[in-house]
Amino acid sequence: MQVEIQNITKQFGSKLALDNISIKFTEGKIHALLGENGAGKSTLSSIICGDGKATNGSIFLDGKEVSIKNNREASSKGIFIVRQRPLLVESLSIEENILLGAEKRKLQKKAIKEICDKWNINISMKKKIRDAGGDERFYTSLLASLIHKPEVLILDEPSSRLTITQRKNLYNNLEIFAKDKCNIIVITHSPQEASLYADTVTILEKGKLKNNFSNIDDYRNFIGIEKTTELNSDFSNEDININACNSKENKIVFECENVSYRPKYRSSIEKVSFNASSNEITIIKGTSESGLGTLEDIITGMAVIIDREKRKSIKGLIKLFGQSYKASSFDIKQLRKNKTAIVASNKAFRASAPDLTVKELLTAYCKNKNRNNEAIRIIKEEAIDCKITDKVSSLSGGMLQRLILGRELSINPNLLILCEPIQGMDSQSINILCKRLRKIANEGKTILILTSTDFPEKYCDSKYILEGGFLSKC
């Protein structure tokens, strides 16, 4: 099915998210929709799949103008989307989520098995979604679309939760699926990903159509890179001197000693020990199923708040600026008292809230300051195109990420705990952030990063990996 959009405009209040966009997506190809955060990629895809309505403009399917009022109408026309954050029912199993709303369930169960075998997807169908990792949630949403044999398949940042091996396998299968006359649109912020896997590339910039490459070789020539065999998020080739800080003595600022925790709805961690020092960036890599979310809850002081029933099961010690605490009583108050910046992995509901205004988001720590001026200062410093009266729900993931970081840095922290700090960012923003963090560390601060993505490790001093609930130093 061919999808053509003509003169699409989308207005959110005073903000023009899409400005007169016209693009044609032909069947049988993988189309990359590329751009920085806030460029309008997700807004455009939401209009195509019925999750949003354009202010002006038209959509044509196989040359016929259509009106897509909602997601159900889109799916009836063969258009399905796999979201970056899938809308799943936590209390149901993976299989039950896939089959929600499906008819002829016995046939669909057979179809699920056939697709899993064909696409080399190995997940436990009986596992509850609340216990599922990021990759399992992605595959659940993907399978829920594939069993309906979509004619148009939209994937929003599909590789953000996948390993390199899983990513290669996904795109190999997408290529085969496209050749079977499916129209595949992939939203990505990665030029490498677009260059490596797409047939066409459309670039959006601040809601406008910047470039459209119908030939992938033209795009590769445009950005000056050749097709590679591996996707690497370490984008810059510049030499980074991680020891360029100063002669200050490195002091251990944050330390976990034999911390164990078996939460009710997350993976457990066992006897985790590590430390983070001043002048350094310490990185811990893992996945949700390896216990990364559980570790985040512990070190950000949230575990004792959200799981009061099982707080006694939290074992071990946490040391903060030389003061020892039982892990079972360590909460966010101790961190805040010691000027700790915290950026949670859940930006939308833990680090902020959708119904807040940008001003309310950015001035949470303001006391005697002029709140308007402080919010405007952070917006300007982070170079975000928004107003203090805008709702947080209107921001892209990357914009929200940068504003939250700006808010946390406004307290001039001694310790920064950053969870999934590059999630949703484009390559340029990642480079800017990493250099910024390196500069902060070189000024004597302590930075601790928890991530499931390919954070550029050349910026880091100490590296750990979390596997199966156990932590080891790299």
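**Reading two sheets, the ring pairs and one loop residue**

Reader: In which sense do S14 and S15 pair, and over how many bridges?

Author: S14 and S15 pair in the antiparallel sense over four bridges. Two strands count as paired if DSSP finds at least two bridges between them, and the elements themselves are DSSP runs numbered from the N terminus (helices H or I, at least four residues; strands E, at least two). This is a predicted model, in which local features need pLDDT of at least 70 and side-chain atom pairs pLDDT 80 or more, whereas totals for chains, interfaces and linings use all residues. Residues are numbered from 1 along each chain as its sequence is written, and side-chain values use heavy atoms, without hydrogens and water.

Reader: Which bridge partner does Lys319 have in S15, and what joins S14 to S15?

Author: Lys319 has Ser324 as its bridge partner in S15. The two strands form a hairpin with two residues between them. Phe321, in the turn, has a positive phi of about 50 degrees.

Reader: In what order do the strands of that sheet lie?

Author: The sheet is open and has four strands in the order S12-S11-S14-S15, paired antiparallel. Its edges are strand S12 (269–277) and strand S15 (323–326), each of which pairs on one side only. On average, neighbouring strands here are turned by 15 degrees against each other, direction ignored. Such angles are taken between N-to-C directions of lines fitted to C-alpha atoms (for helices, over the stretch in contact) and run from 0 to 180 degrees.

Reader: How many bridges join S11 to S12, and how many join S11 to S14?

Author: Strand S11 (residues 252–261) pairs with S12 over six bridges, in the antiparallel sense. Within this pairing, Cys256 is matched with Phe274 in S12. Helix H9 packs on the sheet and touches S11, S12 and strand S14 (315–320), with a direction at about 60 degrees to that of S12; contact here means heavy atoms within 4.5 Å. S11 and S14 also run antiparallel and are joined by five bridges. There, Phe254 has Leu320 in S14 as its bridge partner.

Reader: What is the strand order in the sheet that contains S1?

Author: Four strands form an open sheet in the order S2-S1-S4-S5, with antiparallel pairing. Strand S2 (15–25) and strand S5 (64–66) are the edges, each pairing on one side only. Neighbouring strands are turned by 30 degrees against each other on average, again ignoring direction.

Reader: How does S1 pair, and which helix lies across the strands?

Author: S1 (residues 3–12) pairs with S4 (residues 56–61) in the antiparallel sense over five bridges, and Gln6 stands opposite Ser58 in S4. S1 also pairs antiparallel with S2, over seven bridges; in that pairing Lys10 faces Leu18 in S2. These two strands form a hairpin with two residues between them, and Gly13 in the turn has a positive phi of about 60 degrees. Helix H1 (residues 41–48) lies across S1, S2 and S4, running at about 120 degrees to S1.

Reader: How many aromatic pairs does the structure hold?

Author: The structure holds nine aromatic pairs. Rings of Phe, Tyr and Trp (its six-membered ring) pair when their centres lie within 6.5 Å, and planes under 30 degrees apart are stacked, over 60 edge-to-face, the rest tilted. The pair of Tyr171 and Tyr197 is stacked, at 4.1 Å centre to centre with 5 degrees between the planes. Tyr171 lies in helix H6 (residues 164–179) and Tyr197 in helix H7 (residues 191–197), so this pair ties together parts that are 26 residues apart in sequence. Tyr171 and Tyr197 are both buried. In contrast to that stacked pair, Phe213 and Phe222 make a tilted pair, because their centres are 5.0 Å apart and their planes stand at 45 degrees.

Reader: Are Phe213 and Phe222 buried or partly exposed?

Author: Buried means under 20% relative accessible area, exposed over 50%, and partly exposed in between (1.4 Å probe, protein chains only). Phe213 is buried, with a relative accessible area of 12%, whereas Phe222, at 47%, counts as partly exposed.

Reader: Which residues do ring pairs link into a cluster?

Author: The cluster consists of Phe254, Phe274, Tyr325, Phe330 and Tyr464.

Reader: Where is Thr300, and which residues does Thr300 touch?

Author: Thr300 is found in the loop between helix H9 (292–299) and helix H10 (303–306). Thr300 counts as buried because its relative accessibility is 3%. Leaving aside residues up to four places away in sequence, Thr300 touches Ile332, Leu335, Ile342 and Ile417.
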